[in-house]
Amino acid sequence: MDVEKCSRCKKPFSFDTEKVDAGPVEGAPRILVYLPYCPHCGTRNMVDHDMTQEEFYAYYSLDASTDPGMKKCPDCAEWVRGDARVCRFCGYRFALTPPQRQTRKRAE
Ligand SMILES: [Zn+2]
Ligand SMILES: [Zn+2]
């Protein structure tokens, strides 16, 4: 259970983090939120989530390997964010330039 203040009517309400919808914010797929409805006014609130990316994948039975935003650390084989420069698990430093660089000419 978690208690939150409604963004619209400002009344506090509690919600069950196990049952409420959770998902990425539209346009910002790396930000995970709970989406509980306020029982007072029915507004859908967005509540910050302390779930990690890994827990999120496990929760939704998703595989990080199918997410184009993720890359695998060659040193410890953990999945890290595609824009990470240093592996947060083992400290491996990724090359700054991605191996597959697009050489296709840009159409002006
Ligand atoms: Zn409300
Ligand atoms: Zn690593």
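Strands here are DSSP runs of E with at least two residues, numbered from the N terminus.

**View 1. The whole chain of this predicted model.** The chain contains one helix and seven strands. Read from the N terminus, the order of the elements is β-β-β-β-β-α-β-β. The chain has 108 residues, of which 6% are buried. Of the contacts with a separation of 6 or more, 23% are between residues 24 or more positions apart.

**View 2. Confidence along the chain, given as pLDDT.** The mean pLDDT of the chain is 79. A pLDDT of 70 or more is reached by 74% of the residues. Among the elements, β2 has the highest mean pLDDT, at 92. The lowest mean, 69, belongs to helix α1, which spans residues 53–59.

**View 3. The hairpin of strands β1 and β2.** Strand β1 covers residues 2–5 and strand β2 covers residues 12–15. The two strands run antiparallel and are joined by four bridges. V3 has S14 of β2 as its bridge partner. Six residues lie between the strands of this hairpin, and K10 takes a positive phi near 65°.

**View 4. D21 in the loop between β2 and β3.** D21 lies in the loop that comes before β3, a strand of residues 22–25. Is D21 buried or exposed? A residue with 12 or fewer other C-beta atoms within 10 Å of its own is exposed. D21 has 11 such atoms within 10 Å and is therefore exposed. Y37 is 16 residues from D21 in sequence, and the C-alpha atoms of the two are 9.4 Å apart.

**View 5. L35 in the loop between β4 and β5.** The strands on either side of this loop are β4, residues 28–34, and β5, residues 47–48. L35 counts as partly exposed because 15 C-beta neighbours lie inside 10 Å. Which residues does L35 contact, leaving aside its neighbours within four places in sequence? L35 is in contact with V20, D21, A22, G23, R44 and M46. A22 is 13 residues from L35 along the chain, and their C-alpha atoms are separated by 5.6 Å.

**View 6. D21 and L35 together.** D21 is one of the residues in contact with L35. D21 belongs to the loop between β2 and β3, while L35 belongs to the loop between β4 and β5. D21 is exposed, whereas L35 is partly exposed.

Conventions
Residues numbered from 1 in each chain as written. Chains lettered and ligands numbered in written order. Predicted model: local features only at pLDDT ≥ 70, side-chain atom pairs only at ≥ 80, totals over all residues. Buried ≥ 20, exposed ≤ 12 C-beta atoms within 10 Å, placed from the backbone. Contact = placed C-beta atoms within 7 Å. Pairing = 2+ DSSP bridges. pLDDT = per-residue confidence, 0-100.
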